[in-house]
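Q: Please take me through one part of this structure closely, and then work outward to whatever surrounds it. I would like one connected account that I can follow with the structure open beside me.

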Amino acid sequence: MSAGTTAAAGVTDWSHGVPLRAGDWFIGLYQPSPETAGFWQAVQRHELVLKWCAGCGKCFHPKRIVCTDCGSPDLTWRQASGRGTVYSFSEVHRAPSPDFAGSVPYTVGLVALEEGVHLFTRFIAGPGPIAIGAPARVDFRVLETGQLLPVFLVGTAA
Ligand SMILES: [Zn+2]
């Protein structure tokens with residue numbers, strides 16, 4: 001794909017014309033794949049969804065296509081609690097592209113959701129500081145690339 005303004009047939013172009021590359025750098029807009037399309041459609045509704053196994057009820061990351069417990073391929077989308085804790089984090093001080101220049105420093109990392117799934121996300125300091133184990137709650141923000149993404153507000157448990 002050149003410059004990110006066109007998408008392959010049948011693939012939704014979430015970039016809305018925003019270049020996917022800055023010089024030689026891919027700036028990482030999230031693109032839905034067949035197994036994650038339901039997740040991104042939910043994000044557009046400001047909802048966080050995860051996959052649940054219809055066979056055994058276990059919960060999985062949006063990219064999972066088969067249950068690792070019972071082997072069932074029957075995974076369905078269900079709304080997640082949106083609550084979790086900070087599992088790990090890193091503060092970014094160098095902007096990966098000019099789009100991020102006004103945002104540094106910002107914090108990314110893994111949130112451990114109540115459902116047992118870990119998601120890579122942007123953390124935003126809320127009432128409390130960003131720290132391992134701090135409670136976090138999902139919110140939805142349009143970030144530097146112009147894409148609506150789930151982020152987690154730290155220090156807000158409910
Ligand atoms: Zn299962």
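A: Pro 105 lies in the loop between β6 and β7, and in this predicted model the peptide bond that joins Val 104 to Pro 105 is cis, with an omega of about -5°. The loop is a convenient place to enter the barrel, since β6 and β7 both belong to a closed barrel of five strands that runs β6-β7-β8-β10-β9 with mixed pairing. Averaged over this sheet and with direction ignored, neighbouring strands are turned by 45° against each other.

Following the chain onward from the loop, one comes to β7, residues 106–113, which pairs in the antiparallel sense with β8, residues 118–125, over six bridges. Two of the partnerships can be picked out by name: Leu 110 is bridged to Phe 120 in β8, and Ala 112 has His 118 of β8 as its bridge partner. The two strands form a hairpin with four residues between them, and in that turn Gly 116 has a positive phi of about 95°.

From β8 the barrel continues to β10, residues 148–154, and here the pairing is in the parallel sense, over four bridges. Within this pair, Ile 124 has Leu 153 of β10 as its bridge partner. As a general point, strands of a sheet pair through backbone hydrogen bonds, either parallel or antiparallel.

β10 is also joined to β9 by seven bridges, and these two strands run antiparallel; one position to look at is Arg 141, which stands opposite Leu 149 in β10. β9 and β10 make a hairpin as well, with five residues between the strands, and Gly 146 takes a positive phi near 85° there. The step from β9 to β6 is made by three bridges, with the two strands running antiparallel, and Thr 85 has Pro 135 in β9 as its bridge partner.

With the strands placed, the next thing to examine is the nonpolar core. The largest nonpolar core has 15 residues, and those that touch the most other members are Val 86, Val 111, Phe 123, Ala 136, Phe 152 and Val 154. The elements that give two or more residues to this core are β6 (83–92), β7, β8, β9 (135–142) and β10, and it is β10 that supplies the largest share, three residues. Phe 152 is a good side chain on which to centre the view: leaving aside residues up to four places away in sequence, it touches Val 111, Thr 121, Phe 123, Ala 136, Arg 137 and Val 138. In a regular strand, as a general rule, the side chains alternate between the two faces of the sheet.

Away from the barrel there is a second sheet. It is open and consists of three strands in the order β4-β3-β5, with antiparallel pairing. β4 (59–60) and β5 (75–79) are the edge strands, each of them pairing on one side only. Two bridges hold the antiparallel pair of β3 and β4, and one of the partnerships in that pair sets Trp 52 against Cys 59 of β4.

The loop between α1 (37–44) and β3 (49–53) contains His 46, a residue with a positive phi of about 60° although it is not a glycine. Is His 46 buried or exposed? His 46 counts as exposed because it has 11 C-beta neighbours inside 10 Å, and the cut-off for that class is 12 or fewer.

To set these parts in the whole chain: the protein has one helix and ten strands, which follow one another in the pattern β-β-α-β-β-β-β-β-β-β-β. Of its 158 residues, 19% count as buried. Among contacts between residues at least 6 apart in sequence, 49% join residues that are at least 24 apart.

A word of caution concerns confidence. The mean pLDDT of the protein chain is 85, and 79% of its residues reach 70 or more. Over residues 1–8, however, pLDDT stays under 50, and the model has ten contacts beyond four places in sequence for that stretch.

Technical notes:
Residues are numbered from 1 along each chain as its sequence is written. This is a predicted model: local features need pLDDT of at least 70, side-chain atom pairs count only at pLDDT 80 or more; totals for chains, interfaces and linings use all residues. A residue is buried if 20 or more other C-beta atoms lie within 10 Å of its own, exposed if 12 or fewer, and partly exposed in between; C-beta atoms are placed from the backbone. Two residues are in contact if their C-beta atoms, placed from the backbone, lie within 7 Å. Two strands pair if DSSP finds at least two bridges between them. Axes are lines fitted to C-alpha atoms, for helices over the stretch in contact, and angles run from 0 to 180 degrees between N-to-C directions. A nonpolar core is a set of buried Ala, Val, Leu, Ile, Met, Phe, Trp, Tyr and Cys residues joined through C-beta atoms within 7 Å. pLDDT is the predictor's confidence in each residue, from 0 to 100.
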